[in-house]
Amino acid sequence: MQHKARLRTRDALEQLRLDHEVIRKLLREYDNVRLVEGCGPEQKAEIVDRLCEALSLNAQIEEEVFYPGVRPVLDCDARAQAVLWDRTALRDLIARIDEMDPADPGYDAMVNDIGDCVLPRMDEVRAVLFVAVRGVGVDTALLGEQMARWRRAQQQDVTLVGLPPPRKVPVSGWPADCHLTLA
């Protein structure tokens with residue numbers, strides 16, 4: 001039975017590659033929308049929300065599952081260790097764009113800064129880290145299963161990187177047994 005589950009789950013590197021493709025696609029989509037005459041700020045904000053969610057999910061899964069799974073076997077590979085990405089700058093950019101109004105003249109530049117921050121790093125991760133992981137024989141199928149379990153567990157609780165999860169506040173006037181909350 002475990003063999004069948006392993007066949008259905010993408011390996012760790014494939015999952016991360018797909019995450020990177022989604023992020024690239026969202027950056028291209030934003031760029032295309034930005035160039036359309038009369039594009040409303042709502043359209044931009046919707047794409048940026050999806051982008052920040054994808055970036056946050058990718059960052060969390062890499063930092064909490066993938067990096068801890070590969071770091072011990074890559075300790076002799078200084079180049080691969082250097083690629084293990086510190087996302088301080090990305091966290092700052094996500095927090096800053098989260099506070100901006102999509103109609104702000106600097107909004108497009110901020111999305112561009114996010115792209116400039118993540119695109120080269122994703123290329124480096126794929127070119128250096130993925131090759132090193134394959135070279136040392138990490139069980140990427142098993143790591144992929146762990147990542148898939150993590151994704152399922154976090155599915156309802158993913159927040160922007162570096163930002164606290166929304167506080168659930170009961171709506172006043174509702175009975176105590178009602179579970180309606182404001183995020």
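Visitor: Let me start with one residue. Which residues does V48 touch, not counting residues up to four places away in sequence?

Guide: V48 touches Y30, I97, Y107 and V111, with residues up to four places away in sequence left out. Bear in mind that this is a predicted model. V48 has its place in helix 3. In space, V48 and Y30 are 7.5 Å apart, C-alpha to C-alpha, although 18 residues separate them in sequence.

Visitor: Is V48 buried or exposed?

Guide: The thing to look at is relative accessible area, and buried means under 20%. V48 comes out at 3%, so V48 counts as buried.

Visitor: And for the whole protein, what percentage of the residues count as buried?

Guide: The protein has 183 residues, and 38% of them count as buried.

Visitor: Let's zoom out, then. How many helices and strands are there in the protein?

Guide: There are 7 helices and 2 strands. Going from the N terminus, the order is α-α-α-α-α-α-α-β-β.

Visitor: What share of the contacts joins residues that sit 24 or more positions apart?

Guide: Take the contacts with a separation of 6 or more: residues 24 or more positions apart account for 73% of those.

Visitor: Let's try a single helix. How do I check the length of helix 2?

Guide: Count residues and allow 1.5 Å for each. Helix 2 covers residues 12–34, which is 23 residues, so a span of 33 Å is expected; the C-alpha atoms at its ends are 33 Å apart, and that agrees.

Visitor: How should I think about which way the residues of a helix point?

Guide: An α-helix has 3.6 residues a turn, so residues three or four places apart point the same way. Keep that in mind as you look at helix 2, where the buried residues are A12, L13, Q15, L16, D19, H20, I23, R24, L26, L27, Y30 and V33.

Visitor: What covers those buried residues of helix 2?

Guide: The cover includes helix 3, helix 6 and helix 7.

Visitor: D19 is on that list of buried residues. What does D19 touch, not counting residues up to four places away in sequence?

Guide: D19 touches N58, I61 and R151. With a relative accessible area of 13%, D19 is buried, because the cut-off is under 20%.

Visitor: Now for pairs of helices. At what angle do helix 3 and helix 7 pack?

Guide: The angle is about 145 degrees, and the axes of helix 3 and helix 7 are 10 Å apart. Their crossing is right-handed. On the helix 3 side, the contact is made by L57, Q60, I61, E64, V65, F66, G69 and V70. On the helix 7 side, the residues are L143, Q146, M147, W150 and R151.

Visitor: How many of those contact residues are nonpolar, polar and charged?

Guide: They divide into 8 nonpolar, 3 polar and 2 charged.

Visitor: How do I describe a pair of aromatic rings?

Guide: A pair of aromatic rings is described by the distance of the centres and the angle of the planes. Searching the whole structure turns up 2 aromatic pairs. For Y30 and Y107, the ring centres are 6.4 Å apart and the planes are at 50 degrees, so this pair is tilted. Y30 lies in helix 2 and Y107 in helix 6, so the pair ties together parts that are 77 residues apart in sequence. Y30 is buried at 2% relative accessible area, and Y107 counts as buried at 3%.

Visitor: What about the rings of F66 and Y67?

Guide: Their centres are 6.1 Å apart with the planes at 55 degrees, so the pair is tilted. F66 counts as buried at 0% relative accessibility, and Y67 is buried at 2%.

Visitor: Which residues could show me something other than buried?

Guide: Try R91 in helix 5. R91 is partly exposed, with a relative accessible area of 25%. The C-alpha atoms of R91 and L55 are separated by 9.6 Å, and the two residues are 36 residues apart along the chain. You could also look at R121 in helix 6, which is partly exposed at 23%. For R121 and L84, 37 residues apart along the chain, the C-alpha atoms are separated by 9.5 Å.

How values were computed
Residues are numbered from 1 along each chain as its sequence is written. This is a predicted model: local features need pLDDT of at least 70, side-chain atom pairs count only at pLDDT 80 or more; totals for chains, interfaces and linings use all residues. Side-chain values use heavy atoms; hydrogens and water are left out. Axes are lines fitted to C-alpha atoms, for helices over the stretch in contact, and angles run from 0 to 180 degrees between N-to-C directions. Helices (H or I, at least four residues) and strands (E, at least two) are DSSP runs, numbered from the N terminus. A crossing is left-handed if the near helix is turned anticlockwise from the far one by less than a right angle, and right-handed if clockwise. Contact means heavy atoms within 4.5 Å. Ala, Val, Leu, Ile, Met, Phe, Trp, Tyr, Cys and Pro count as nonpolar, Asp, Glu, Lys and Arg as charged, and the others, Gly among them, as polar. The expected span of a helix is 1.5 Å times one less than its number of residues. Buried means under 20% relative accessible area, exposed over 50%, partly exposed in between (1.4 Å probe, protein chains only). Rings of Phe, Tyr and Trp (its six-membered ring) pair if their centres lie within 6.5 Å; planes under 30 degrees apart count as stacked, over 60 as edge-to-face and the rest as tilted.
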